Amino acid sequence: MKKHQSKSNVGLEQVLAVLRSNKGGTQHLMEIVAELGVGSEQRDRVRAALDDLREQKLVQELPGQRYRVGKPPRSGHGPDVPEVRSLP
């Protein structure tokens, strides 16, 4: 897998802020590009930033080039509960 480097004015924090402003909804790649106010020629750099955020588990990628803020990772499935054995 290839690592992307941000080579433009498109920063990870800017992209994340756009997604967060959507209050949990999904946004298409080009909607994010438009909201950032960058030209469509920057689409690949925005996508690279989204890929970086996805790898950090901050963003979820959905079908159709749609993205949303990722759910925070859970620390486990719940508290550790000792196994209970019944007596004969």
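**Exercise 1. Which residue does Q27 stand opposite in strand 3?**

Before starting, note that this is a predicted model in which local features need pLDDT of at least 70 and side-chain atom pairs count only at pLDDT 80 or more, while totals for chains, interfaces and linings use all residues. Residues are numbered from 1 along each chain as its sequence is written, and side-chain values use heavy atoms, with hydrogens and water left out.

*Step 1.* Find the strand: Q27 belongs to strand 1, residues 27-28. Strands here are DSSP runs of E with at least two residues, helices are runs of H or I with at least four, and both are numbered from the N terminus.

*Step 2.* Find the partner strand: strand 1 pairs with strand 3 (residues 66-69) in the antiparallel sense, over two bridges. Pairing requires that DSSP finds at least two bridges between the strands.

*Step 3.* Read off the residue: Q27 faces Y67 in strand 3.

**Exercise 2. Work out whether Q27 is buried or exposed, and list its surroundings.**

*Step 1.* Buried means under 20% relative accessible area, exposed over 50%, and partly exposed in between, using a 1.4 Å probe and protein chains only. Q27 has a relative accessible area of 6%, so Q27 is buried.

*Step 2.* Leaving out residues up to four places away in sequence, Q27 touches V18, L19, N22, I32, E35, Q65, R66 and Y67. Contact means heavy atoms within 4.5 Å.

*Step 3.* Now look at the side chains: those of Q27 and E35 share a polar contact of 3.2 Å. Such a contact is a pair of N or O atoms within 3.5 Å; within protein, one must be able to donate a hydrogen and the other to accept it, and residues adjacent in sequence count only if both atoms are side-chain atoms.

**Exercise 3. Trace the other pairing of strand 3.**

*Step 1.* Strand 2 (residues 59-62) runs antiparallel to strand 3, and four bridges join them.

*Step 2.* Return to Y67: E61 stands opposite Y67 in strand 3.

*Step 3.* Inspect the link: strands 2 and 3 form a hairpin with three residues between them, and G64 in the turn has a positive phi of about 80°.

**Exercise 4. Place these elements in the whole chain.**

*Step 1.* Count the elements: there are three helices and three strands.

*Step 2.* Follow the sequence, and the pattern reads α-β-α-α-β-β.

*Step 3.* Finish with burial: 23% of the 88 residues of the chain count as buried.
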